[in-house]
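Got your viewer open and ready? Let's take a walk through this one together, selecting a few things at a time.

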Amino acid sequence: KEKIPPASLLSVWEKSRSLDTALLPGPHLHLPGMVGQQLLEGAALSGEHRAEVLQAAEQATRSALLREPAAPRAWARLAWFQQLRQGSPYGILDAVRMSAFLAPSDRGLVFWRLTTAGAYRPYWDADFETMMRRQVLLAWRIKPSRLAAVAKATHLHEWVRSILDADPEARTRFDQELAKML
């Protein structure tokens, strides 16, 4: 969770760019995409360099997923890249779906998944909604106040409230958490 200096990230980026095509399989295949994401999140890149990194990092992630598909964080990263370049909502949600399918209880991704999926609510199908309902219940157990914040930010608070209806105590607490944000 420590910040890596941009110069170090750029050095790793240049050295790792061909790892997604390495002969041996393994998690190292996902390094170019991960470093690309870190660069896009933190480094001050020119518009042209940013676009180049985005394109290369997304392609590296896709390539790595073809060889090592059981990587929930890489699927999340792919959704993030697609969202940055305003890609198809269906493609974004498919990547979120794979991330949730592979690691449904990943505490580091549950709130991100709900936030990302919330932006594309009109594109959900019944199976995806069921998957997101499970993510809501998990998020509720992890940190109710954060779930309320995500629900408010994504305008999903009524939907989340309907999921919590089965537990009157949880629904009351959810309403209290929402009220704190007004």
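One thing to keep in mind as we go: this is a predicted model.

**Stop 1: helix α3**

Select residues 47-67, which make up helix α3. The helix has 21 residues, and at 1.5 Å a residue they should span 30 Å; the end C-alpha atoms are 31 Å apart, which agrees. Now colour the buried residues of α3, including Val53, Leu54, Ala57, Glu58 and Leu65. What do they pack against? Show α1 (6-16), α2 (31-42) and α4, and you have the partners of those buried residues.

**Stop 2: a bridge from α3**

Stay with Glu58 and add Arg85 to your selection: the two form a salt bridge, with the closest N and O atoms 2.6 Å apart. Glu58 sits in helix α3 and Arg85 in the loop between α4 and α5, so this pair ties together parts that are 27 residues apart in sequence. Is each partner buried or exposed? Glu58 is buried, at 6% relative accessible area, while Arg85 is partly exposed, at 40%.

**Stop 3: helix α6**

Next, select residues 110-118, helix α6. Seven of its nine residues are buried, so the helix is largely enclosed by the rest of the structure. The buried ones are Val110, Phe111, Arg113, Leu114, Thr116, Ala117 and Gly118. Want to see what does the covering? Turn on α4 (72-84), α5 (89-102), α7 (126-142) and α8 (144-153), which are among the elements over those residues.

**Stop 4: Arg113, up close**

Zoom in on Arg113, which belongs to helix α6. Arg113 is buried but has no salt bridge: Asp106, the nearest side chain of opposite charge, is 5.2 Å away. A salt bridge needs the nitrogen and oxygen within 4 Å. What does the Arg113 side chain have instead? One of its polar atoms lies 3.0 Å from the backbone oxygen of Ala103. Show the surroundings too: Arg113 touches Val96, Ser99, Pro104, Met132 and Gln135, among others.

Asp106 does have a partner of its own, so select Arg73: their side chains meet in a salt bridge (2.9 Å, N to O). Since Asp106 lies in the loop between α5 and α6 and Arg73 in helix α4, this pair ties together parts 33 residues apart in sequence. Asp106 is buried, at 16%, and Arg73 is partly exposed, at 43%.

**Stop 5: the nonpolar cores**

In soluble globular proteins, nonpolar side chains tend to be buried together. Here, the largest nonpolar core has 36 residues; select Trp124, Met132, Leu147, Trp159, Val160 and Phe174 to see the ones with the most contacts inside it. At least two residues of this core come from each of α4, α5, α6, α7, α8, α9 (157-164) and α10 (168-180). Which helix gives the most? That's α7, with seven residues.

Centre on Trp124, and look for Leu93, Ala117, Met132, Leu156 and Trp159 among its contacts. Apart from this core lies another, of 12 residues, among them Leu45, Leu54, Ala57 and Trp80.

**Stop 6: a charged network**

Finish with Glu158, Arg161, Asp165, Arg171 and Asp175, which are linked in a network of salt bridges. Within it, pick out Asp175 and Arg161, whose closest N and O atoms are 2.7 Å apart. Asp175 lies in helix α10 and Arg161 in helix α9, so the pair ties together parts 14 residues apart in sequence. Asp175 is partly exposed, at 27% relative accessibility, whereas Arg161 is buried, at 13%.

Definitions and conventions. Residues numbered from 1 in each chain as written. Predicted model: local features only at pLDDT ≥ 70, side-chain atom pairs only at ≥ 80, totals over all residues. Heavy atoms only, no water. Buried < 20%, exposed > 50% of the residue type's maximum accessible area, 1.4 Å probe, protein only. Helix = DSSP H or I, 4+ residues; strand = E, 2+ residues; numbered from the N terminus. Contact = heavy atoms within 4.5 Å. Expected span 1.5 Å × (residues − 1). Lys, Arg positive; Asp, Glu negative; His and termini not counted. Polar contact = N/O pair within 3.5 Å; in protein donor to acceptor, adjacent residues only side chain to side chain. Core = buried A, V, L, I, M, F, W, Y, C linked by side-chain atoms within 4.5 Å. Lists of a residue's contacts leave out its neighbours within four places in sequence.
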